[in-house]
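The following questions and answers introduce a structure to a reader who has not met it before. Please consult the display while reading.

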Amino acid sequence: MHTTETTLPGVRLIEPTVFGDERGFFLETWHQARYAELGLPECFVQDNLSYSRRGVLRGLHFQHPHDQGKLIYVLQGEVFDVAVDIRVGSPSFGRTAVAVLSADNRRQFYIPPGFAHGYCVTSESALVAYKCSEFYAPGTEASLLWNDPDLAIDWPERAPELSAKDRAALPLHAFPRERLPVYVG
Ligand SMILES: Cc1cn([C@H]2C[C@H](O)[C@@H](COP(=O)(O)OP(=O)(O)O[C@H]3O[C@@H](C)C(=O)[C@@H](O)[C@H]3O)O2)c(=O)[nH]c1=O
């Protein structure tokens, strides 16, 4: 397993060791002890799977309270994945880290609690799997505007397909401080 720091402290790109043989390949998608050594949560409590067509953009989402850490990987297709530091008082507040995740590169992106997350599908379709460190808590989720000019994310799609919730999202500066997580160092 190989891990790389990204442009945001705590956000990690993980390349699991792949064991290939004549039958195909095998890899561990999560191993509690090994991933704990990387500083990932020892306990994920929910696994999610979503399917989307090319050009769909889901995000940028976060929950607060009940902030979720997420371990994301792609089972089919390819996505452009984005993390945004939205922790009030963080030295990297408003900064982003991006990664191309695909079924072929088998990369995983770890986004700690306190960050917003989103992705855009760049293949014909994509199956995205992710583990979460907190349960889904309806009413505490929020949508940060995908094309907030202050974030300046260079999305691969200029006119993505969005949910109604994401079309009504707010730019980061419009969120009251109490709706955002706080940086604890
Ligand atoms: C996220 C989620 C949604 N749902 C339901 C609510 C709703 O009826 C339906 C679709 O929900 P959404 O439109 O919020 O799904 P989606 O836009 O895919 O939301 C997800 O986006 C990515 C980027 C994330 O990081 C996730 O945490 C989550 O916010 O699924 C659950 O039951 N459990 C969950 O954990």
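Q: Where is S92 found?
A: The model is a predicted one. In it, S92 belongs to a loop, and the strands on either side are β8 (78–85) and β9. S92 is therefore found in the loop between β8 and β9.

Q: Is S92 buried, partly exposed or exposed?
A: A residue is buried if 20 or more other C-beta atoms lie within 10 Å of its own, and exposed if 12 or fewer do. S92 has 17 such neighbours, so the class is partly exposed.

Q: How many Å lie between S92 and L8, C-alpha to C-alpha?
A: Residues up to four places away in sequence being left out, S92 touches L8, P9 and D85. In sequence, S92 and L8 are 84 residues apart. In space, their C-alpha atoms are separated by 7.1 Å.

Q: At which residues does UniProt place the feature "active site"?
A: The feature comes from an unreviewed UniProt entry. Such annotations may be inferred rather than shown by experiment. The residues given in that record are H61 and Y130.

Q: Why can H61 and Y130 be said to gather at one spot?
A: These residues from the UniProt record span 70 residues in sequence. Nevertheless, they gather at one spot, because their C-alpha atoms are no more than 13.5 Å apart.

Q: Which residues is H61 in contact with, leaving aside its neighbours within four places in sequence?
A: H61 is found in strand β6. With 18 C-beta neighbours inside 10 Å, H61 counts as partly exposed. Its contacts beyond those sequence neighbours are A116, H117, G118, E141 and S143.

Q: Does Y130 count as buried or exposed?
A: Y130 has its place in strand β12 (residues 125–132). Leaving aside neighbours within four places in sequence, Y130 is in contact with N48, K70, L71 and I72. Inside 10 Å there are 23 C-beta neighbours, and the cut-off is 20 or more, so Y130 counts as buried.

Q: Which residue does a cis peptide bond join to G59?
A: Most peptide bonds are trans. Here, omega is about 0 degrees for a bond that starts at G59. The partner is found in strand β6 (residues 57–63), and that residue is L60.

Q: What is the form of the peptide bond from H64 to P65?
A: P65 is found in the loop between β6 and β7 (70–76). Omega of the bond from H64 to P65 is near 0 degrees. The bond is cis.

Q: What is the phi of H66?
A: Most residues other than glycine have a negative phi. H66 lies in the loop between β6 and β7 and is partly exposed, with 16 other C-beta atoms within 10 Å. H66 is not a glycine, although its phi is positive, at about 65 degrees.

Q: What is the phi of R106?
A: R106 lies in the loop between β9 (96–102) and β10 (108–111). With 18 other C-beta atoms within 10 Å, R106 is partly exposed. This residue other than glycine has a positive phi, near 55 degrees.

Q: What radius of gyration does the protein have?
A: The protein has two helices and 13 strands, and its C-alpha trace spans about 55 × 35 × 30 Å along the principal axes. A compact globule of 185 residues would have a radius of gyration near 16 Å. The value for the protein agrees with this, at 16 Å.

Notes: Residues numbered from 1 in each chain as written. Predicted model: local features only at pLDDT ≥ 70, side-chain atom pairs only at ≥ 80, totals over all residues. Helix = DSSP H or I, 4+ residues; strand = E, 2+ residues; numbered from the N terminus. Rg over C-alpha atoms; globule rule 2.2 N^0.38 Å. Contact = placed C-beta atoms within 7 Å.
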